[in-house]
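Notebook open, structure loaded. I want to go through strand pairing, salt bridges, cavities and odd backbone spots, in that order.

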Amino acid sequence: MNDRAGHRRARRLAIGTAVVLALAGMNGPWLYRFGTEQYHQYKINRPEYKADNGKWEIVEFPEEYRQNTIHAALLHTGKVLLVAGSGNNQDNFDAKKFDTRIWDPVKGTIKKVPTPSDLFCTGHTQLANGNLLIAGGTKRYEKLKGDVTKAGGLMIVHNENPDKPITLPAGTRFTGKENGKTFVSKDPVLVPRAKKVFDKATGKFLRNDPGLGRIYVEAQKKGAKYETGTQDNYTVQGLTGADARNTYGIAQKLALDKKDFQGIRDAYEFDPVAEKYIKVDPMKEARWYPTLTTLSDGKILSVSGLDDIGQLVPGKNEIFDPKTKTWTYTSKVRQFPTYPALFLMQNGKIFYSGSNAGYGPDNVGREPGVWDVDTNKFTKLPGLSDPKLMETSGTVLLAPAQDEKYMVIGGGGVGESRLSSKKTRIIDLKAAGPRFVDGPSLEKGTRYAQASVLPDDTVLVSGGSEDYRGRGDSNILQARLYHPDTNTFARVADPLVGRNYHSGSILLPDGRVMFFGSDSLFGDKANTKPGKFEQRIEIYTPPYLYRDARPELSGGPQTIARGKSGTFTSQHASTIKKVRLIRPSASTHVTDVDQRSIALDFKTSGDKITVTVPTNKNLVQSGWYMLFVDDDQGTPSEAQWVKVP
């Protein structure tokens, strides 16, 4: 036990014992009647307790504004965007009922926003102009084995004509040459023309490589007798002449097994001022569960996800240009599991921690490393403990971001595994030969732990569950503050609400942290009752806000360029010990690659504080930030919003 944690626990014990003894001595029966829950409420609301442990409070919206929040992002207006899409509810999906809310945590107001597509399990990131880029979502819900009534799967359509592409409309019928069974396409498909291949030395024509199109097909009728067990070639009904000869399908097994979710190509910018979605160029690939990460040049990388037929996108990554609002493929392919945790490093390369949300083969793209997107070189990083328990783990860039140290928290086995990890792992990417080392352990194996970097450089780690999606009533009602200076955890007040799958946390401009979502698979320990989506928001007020006073910060410029300075006013300027520039979060599925806290150099004179923004564009990406100052007690100011152009 570390000294800080030991002191805390001893102090809590002393306070608690004194209260119990006093009450018992005064009136034993009264203490019994007072009850355990009442005493608990009395204890956690004592000023001394809150000053050591903080406090949790539940925010429950009026019924008409409640939704199944899957995604959340802090906007530079100070409001929070809460996105549900269909909210993991197929009835909503079938009815095209897609939800978004904007919540003002200061005024307590909430507003419904028209939502143009099913942005359930989309990707998102903050843009330099203050908008939020949102890309991907849901085209079709999964069907579990037993719920699938028509055999179906992937059809690869070949076009051997080198002179022209061909488009097959939705409803195209494919009939097997060997099995004689007919399957129908669900969507249109464009099949590019064949590519002529020549001998490089002689220039002699060698062959045509057919153009390929991928489409999801289903049997015409229900039942197991329409399944196929082996590969077959399929003729395309309705084609004649050369088209009939040049165009055909090939499919492997078409069966009644589980059908995964399918993604969409749709992309939008959300404008925080107009408070509306603005459609931009769709992605090249449909994606469900993608990660969006800002690159060195300010463009946005989109990686992974399930495509429009429910298969993991085969390493075809793409880049969004905010100036032209268009997408282009990267020159080379690299495949990751869904929602991979990808962070821009100070050298312009991408750090992949190994954290992910789950979909994808267990032997593809799982190892952590440093990725040079331009050359596609990937350098693996050693030392990761519990390497097979990285699904649903969280990753956070520790403060200050200049140190380039990351923490990986918990995680579980691939798929619906019951295994989970107690480990935290730390890696210093600035070290010679960087490798993971274990940090302090959690009390329990933990999937879905939420983590938020606070203005005092600590990290609030809370929630999660021991088993997959809280199975077996395994939600963990515990919270800790990680202290990077001592590499230790200190237990703080317990959250009131369990959080597992489809949950996340967001640092607010006033220094509090909001928690959203949770999608338990079951509602009881025996796993017999269906789970209920957690619609309540919970707010954690850290111990630093229960001190006598907090430093004020006002005035100053709204824009500070990299390498430039800005001067703010504070009556407490002489007590300021650190200044932090914190990028606002965009969180989902315990994935938040936007989150970073940057140390600023500063100097004080009288009631003035002059801060200087670092010059490295990979450290300080263009966009809006929260500027906090911390006093000599570690108490932060409320944030001032600053834009870095």
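Before I look up any bridge partner, I note the rule I am using: two strands count as paired if DSSP finds at least two bridges between them. I also keep in mind that this is a predicted model.

**Entry 1: the open sheet**

I started with strands β3 and β4. Strand β3 (residues 80–85) is joined to strand β4 (residues 99–103) by five bridges, and the two run antiparallel. I then looked up a single residue pair: Leu-82 has Arg-101 in β4 as its bridge partner.

Next I asked which sheet these strands belong to. I found five strands in an open sheet, ordered β5-β4-β3-β2-β43, with antiparallel pairing. At the edges sit β5 (110–112) and β43 (586–588), each of which pairs on one side only. From one strand to the next, the twist averages 20 degrees.

**Entry 2: around β32**

How much of strand β32 (residues 424–428) is buried? Four of its five residues are, so I put the strand down as mostly covered. I then checked its pairing. Strand β31 (residues 405–409) pairs with β32 in the antiparallel sense over five bridges, and Ile-409 stands opposite Thr-424 in β32. Strand β33 (residues 436–438) also runs antiparallel to β32, joined to it by three bridges. For this pairing I noted Ile-427, which stands opposite Phe-436 in β33.

**Entry 3: salt bridges**

I ran the search over the whole structure and got 36 salt bridges. I wrote up three of them.

Asp-187 and Lys-139 form one, with the closest N and O atoms 2.6 Å apart. Asp-187 is in the loop between β12 (182–185) and β13 (189–191), while Lys-139 is in strand β8 (residues 138–140), so this pair ties together parts 48 residues apart in sequence. Both ends came out partly exposed: Asp-187 has 22% relative accessibility, and Lys-139 has 28%.

Arg-214 forms a salt bridge with Asp-307, and here the closest N and O atoms are 2.6 Å apart. Arg-214 belongs to strand β16 (residues 211–219) and Asp-307 to the loop between β23 (300–303) and β24 (318–321), so the pair ties together parts that are 93 residues apart in sequence. Is Asp-307 buried or exposed? I get a relative accessible area of 1%, so Asp-307 is buried. Arg-214 is partly exposed at 29% relative accessibility.

The third is Glu-367 with Lys-380, where the closest N and O atoms are 2.9 Å apart. Glu-367 lies in the loop between β27 (350–352) and β28 (369–371) and Lys-380 in strand β29 (residues 378–380), so the parts tied together are 13 residues apart in sequence. Glu-367 is partly exposed, at 47% relative accessible area, whereas Lys-380 counts as exposed at 51%.

I also looked for shared partners. Glu-416, Arg-418, Asp-467 and Arg-471 are joined into one network by salt bridges of that kind.

**Entry 4: cavities**

My search of the whole structure turned up six cavities of 30 Å³ or more. The largest holds about 100 Å³ of space. Which residues lie nearest its centre? Of the 13 that line the largest cavity, they are Gln-450, Ala-451, Val-590, Asp-592 and Gln-595.

I then sorted the lining by strand. β30 (394–397), β34 (450–453) and β38 (503–507) each supply at least two residues, and β30 gives the most, with three. By type, I count four nonpolar, eight polar and one charged residue in the lining of the largest cavity.

**Entry 5: backbone oddities**

Most residues other than glycine have a negative phi, and most peptide bonds are trans, so I listed some exceptions.

The peptide bond from Ala-399 to Pro-400 is cis, with omega near -5 degrees. Pro-400 lies in the loop between β30 and β31. Glu-404 is also placed in the loop between β30 and β31, and its phi is positive, near 55 degrees. Glu-404 is buried, with 7% relative accessible area.

Lys-96, not a glycine, has a positive phi of about 55 degrees. I found Lys-96 in the loop between α5 (90–94) and β4. With a relative accessible area of 65%, Lys-96 is exposed.

Technical notes:
Residues numbered from 1 in each chain as written. Predicted model: local features only at pLDDT ≥ 70, side-chain atom pairs only at ≥ 80, totals over all residues. Heavy atoms only, no water. Salt bridge = Lys/Arg side-chain N within 4 Å of Asp/Glu carboxyl O. Buried < 20%, exposed > 50% of the residue type's maximum accessible area, 1.4 Å probe, protein only. Axes fitted to C-alpha atoms, helices over the stretch in contact; angles between N-to-C directions. 1 Å grid on protein atoms, 1.4 Å probe; cavity = no way out; pocket = protein on both sides within 12 Å on 5 of 7 lines; lining within 4 Å. Points joined across faces, edges and corners; volume = space filled by probe spheres on them. Nonpolar A, V, L, I, M, F, W, Y, C, P; charged D, E, K, R; others polar.
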